[in-house]
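Here is a structure to question. Look at it first, then work through the turns below.

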Amino acid sequence: MPQILSSSPPDAQDADAFFDGVDLRRLAERLPTPFHAYSAHAIRQRIDGLQQALHGLDATLCYAVKANSTLAILHLMAEAGVGADIVSSGELWRSLHAGIPAERIVFSGVGKTEQEIAEALAAGILRFNVESADELHTLQRLASDLHIAARAAVRINPDVDAQTHAKISTGKAENKFGVSIAEARRWFAEAGRLTHVRLDGLHVHIGSQILSVEPFRLALQRVAAFWRELEANGHAIASIDVGGGLGVCYRAGQDHPVAPADYAAAIREALAGFRGRILLEPGRYLVAEAGVLLTRVIRIKQGERQNFLVLDAAMNDLLRPSLYDAWHDIVPLVDGQRERTRYDVVGPVCETGDTFARDRELPELRPGDLVMIRGTGAYGASMASTYNSRPLAAEVLLDQRRHAIVRHRQRFEDMVAGEQPARDWDMA
Ligand SMILES: *Cc1c(COP(=O)(O)O)cnc(C)c1O
């Protein structure tokens, strides 16, 4: 149901409705909800802010593509000179397709297949962040087959508690990521046998949505101590990749992200005297707050104990609340004064987990009202599925009061593309 635009002068609610100079209420009259909207300006600001904080260092940003892998977002990164941190062939393909040069691409992940390694070698990527001895030997064999010298960093598991949600903590000894410093030490001791892998980098990534500089400091100190030890033993280290993990504000007034200057200061301090290149893999930090999910109220359902606000967006469009119990600020874009009330905010998907918020205080809402869910630019569209046969939502890029559709809402035909009835049976 289209909302009539108010002609009253801008008030606080009005300000909420403007994103990168675009009136989201007007946009939602033209585009069916739900859809994702991203502010190009907000993304560029984050990139600039981080780059300024790193001024004077030989530092390269490699955006963690998994945070938001939509081509238009990757184009934006490419234009800003930002590289990519990829975790699959699909992300390699997207990044190259969007114009991110191979020499700015690093490849992370515990499960790189032989095919993926071979493709990345052929593309000539900057560096492999190697996570196991088996992967290192596979890389050596494949690089040797292709007569290519691969560049590799060992991903260190520094056994540091990132003090974040357990499902996005990656730097504890019990996590699947990286190897211990003791194991990495053995790799370097035997690196002379690697004829086609130049093992001259260190990598660390301890987790995501980190809101204190201390875990970064601790991890960097451990990596730096190891780098000094390696150099003392004659191993030249050309690059140290400090990973991603910078947290963002999902809950206004409650989440206090680390300032880029403080983060950069921790890097400068820990890596003082390092002459090589520093790589960073920010994902969420660059895009999360640059995205909102626009959705409309389908109906209010009175339950026994609470009232349910049923939206036309669901867990298939934004999985974080279901997966991580994540908080997202929910801002109705409605006119006039309304009583306040409490809702469980849910989607239409047939899962109890399809809940965006419990017992959330909001203005009283009515069917058709427009609602904005904030902080959805990272791990929103990139985690989306078509569960319940709900087509992938449209995505719109906003820039200086203009908007461009960068992903059309999936048509049903697109949703079933590649499916077919079982006709051509084959013996296995
Ligand atoms: C996911 C990931 C990142 C990005 O994490 P953010 O919290 O989004 O910054 C960086 N590096 C690696 C190896 C990752 O797996």
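Q: What makes the pair formed by an oxygen atom of the ligand and a backbone atom of Arg 284 a polar contact?
A: This is a predicted model. In it, a polar backbone atom of Arg 284 lies 2.8 Å from an oxygen atom of the ligand. The cut-off for a pair of N or O atoms is 3.5 Å, so the pair counts as a polar contact.

Q: How do you know how much of the ligand the protein buries?
A: Start with the ligand taken alone, which exposes 380 Å². The protein buries 95% of that area.

Q: What makes the link between Glu 281 and the ligand a polar contact?
A: Here the protein partner is a polar side-chain atom of Glu 281. A nitrogen atom of the ligand is 2.6 Å away from that atom. The limit is 3.5 Å, so this pair counts too.

Q: What about Gly 245 and the ligand?
A: Gly 245 uses a polar backbone atom, 2.8 Å from an oxygen atom of the ligand. That is within 3.5 Å, so the pair is a polar contact.

Q: Which residues around the ligand come nearest?
A: There are 15 residues around the ligand. Lys 66, Ser 208, Glu 281, Arg 284 and Tyr 379 come nearest. By class, the shell has seven polar, five charged and three nonpolar residues.

Q: Where does the ligand sit?
A: The ligand takes up the space of the largest pocket. That pocket holds about 560 Å³ of space. It is lined by 29 residues, and Lys 66, Thr 170, Phe 177, His 205 and Tyr 379 are the closest to its centre. The lining has 13 polar, eight nonpolar and eight charged residues.

Q: Why is the largest pocket said to lie between domain 1 and domain 2?
A: Domain 1 (3-39 + 288-410) gives residues to the lining, and so does domain 2 (108-282). Both contribute, so the pocket lies between them.

Q: What makes a space a cavity and not a pocket, and how many cavities of 30 Å³ or more are found?
A: In a cavity, a 1.4 Å probe fits but cannot get out. The search of the whole structure finds one of 30 Å³ or more. The largest cavity holds about 50 Å³ of space. Its lining includes Val 204, His 205, Phe 216 and Tyr 263.

Definitions and conventions:
Residues numbered from 1 in each chain as written. Predicted model: local features only at pLDDT ≥ 70, side-chain atom pairs only at ≥ 80, totals over all residues. Heavy atoms only, no water. Near = heavy atom within 4 Å. Polar contact = N/O pair within 3.5 Å; in protein donor to acceptor, adjacent residues only side chain to side chain. Areas by Shrake-Rupley, 256 points an atom, 1.4 Å probe, with all protein chains shown as cover. 1 Å grid on protein atoms, 1.4 Å probe; cavity = no way out; pocket = protein on both sides within 12 Å on 5 of 7 lines; lining within 4 Å. Sits in = over half its atoms within 2 Å of the grid points. Nonpolar A, V, L, I, M, F, W, Y, C, P; charged D, E, K, R; others polar. Points joined across faces, edges and corners; volume = space filled by probe spheres on them. Domains from an automatic or database assignment.
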